[in-house]
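Q: I would like to learn how to read a model of this kind, feature by feature. Could we go through it with the coordinates open?

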Amino acid sequence: MKNFREYFKECFEAEKPKFVRVLKAVPADQAAYRPHPRSTSAGDLVWLLAAELHDACELADRGEVSFVAKPAPTIPESIAAYEKNAAELERRLAKVNDAAWDKKARFLVDGKVAWETSLGDMLFGFLFDAIHHRGQLSSYLRPMGAKVPSIYGPSADDPGM
């Protein structure tokens, strides 16, 4: 029977190629696209997904991360950062033992604790947040003129086979 730490690693490994398919479907010239003035732009969403993985690496290393919003680079640069940060997180997860998984972690915003829980709970929270934003980004694709890749099954554009 696997534990939650092992299950997280399996989930992350399974989700990573789905993220990459969606990110690579975003047209490089559509970074400014947003379906509504209050919506996050496509470029900012791609960067958020990459930056969130960097923060997850810092959490795995230090048990704490300070959120700092940084301007998004180009979409291709953000995708490269996502792939690099995903590989880095996988390397770090291989070193996280059960004691570290259960240890307290803190997410800081403007120097104040915004969230405190175990490292495992926080990493799952990051994954769920990323999945949410991937869904948001995937809903932008067709209006941008892009094809929607298979995520959990076929799409109208990709049979997923």
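Q: Is Arg134 buried or exposed, judged by its relative accessibility?
A: In this predicted model, Arg134 counts as buried, with a relative accessibility of 2%. The residue is found in helix α5, and once neighbours within four places in sequence are left aside, Arg134 is in contact with Glu15, Lys18, Phe19, Val22, Leu49, Ile151 and Tyr152.

Q: Staying in α5, what does the side chain of Ser138 reach?
A: Ser138 also belongs to helix α5, and its side chain reaches the backbone oxygen of Gly135 at 2.8 Å. Ser138 counts as buried because its relative accessibility is 13%, which is under the 20% limit for that class. Not counting residues up to four places away in sequence, Ser138 touches Val22, Val148 and Ile151.

Q: How should I read the nonpolar core, and which elements supply at least two residues each?
A: The general idea is that in soluble globular proteins nonpolar side chains tend to be buried together. Here the largest nonpolar core has 46 residues, and those with the most contacts inside it are Phe8, Phe12, Val26, Tyr82, Leu137 and Leu141. At least two residues each come from α1 (4-25), α2 (42-62), α3 (75-95), β2 (104-109) and α5 (119-141), and α2 gives the most, with 11 residues. To follow one of these core residues outward, take Leu137, which, leaving aside neighbours within four places in sequence, is in contact with Val22, Leu23, Val26, Ala42, Leu45, Val46 and Leu49.

Q: What can be said about the length of α1, and where does α1 bend?
A: For length, one compares the reach of the helix with the expected span: α1 has 22 residues and reaches 31 Å from its first C-alpha to its last, close to the 32 Å expected at 1.5 Å a residue. For direction, α1 bends by about 25° at Glu15, and a proline, Pro17, follows within four residues.

Q: Which residue caps the N-terminal end of α1?
A: The cap is Asn3, which places a side-chain oxygen 3.1 Å from the backbone nitrogen of Arg5.

Q: Which residues of α1 are buried, and what covers them?
A: The buried residues of α1 include nonpolar ones such as Phe8, Phe12, Phe19 and Leu23, but Arg5, Glu15 and Lys18 are also among them. The cover over the buried residues of α1 includes α2, α3, α4 (98-102) and α5.

Q: How many disulfides does a search of the whole structure find?
A: A disulfide is a covalent bond between the sulfur atoms of two cysteines. The search of the whole structure finds zero of them.

Q: Why is there no bond from Cys11 to the closest cysteine sulfur?
A: The closest cysteine sulfur to that of Cys11 is in Cys57, and because the two sulfurs are 17 Å apart, they are too far for a bond. Taken from the other side, the closest cysteine sulfur to Cys57 is the one in Cys11. Cys11 is buried, with a relative accessible area of 17%, and Cys57 is buried too, at 5%.

Q: Finally, a backbone feature: what is phi of Asp110, and where is the place of this residue?
A: Phi of Asp110 is near 55°, a positive value in a residue other than glycine. Asp110 has its place in the loop between β2 and β3 (112-118), and with a relative accessibility of 72% Asp110 counts as exposed.

Definitions and conventions
Residues numbered from 1 in each chain as written. Predicted model: local features only at pLDDT ≥ 70, side-chain atom pairs only at ≥ 80, totals over all residues. Heavy atoms only, no water. Core = buried A, V, L, I, M, F, W, Y, C linked by side-chain atoms within 4.5 Å. Buried < 20%, exposed > 50% of the residue type's maximum accessible area, 1.4 Å probe, protein only. Contact = heavy atoms within 4.5 Å. Disulfide = S-S within 2.5 Å. Polar contact = N/O pair within 3.5 Å; in protein donor to acceptor, adjacent residues only side chain to side chain. Expected span 1.5 Å × (residues − 1). Bend = angle between axes of the 7 residues up to and from the residue.
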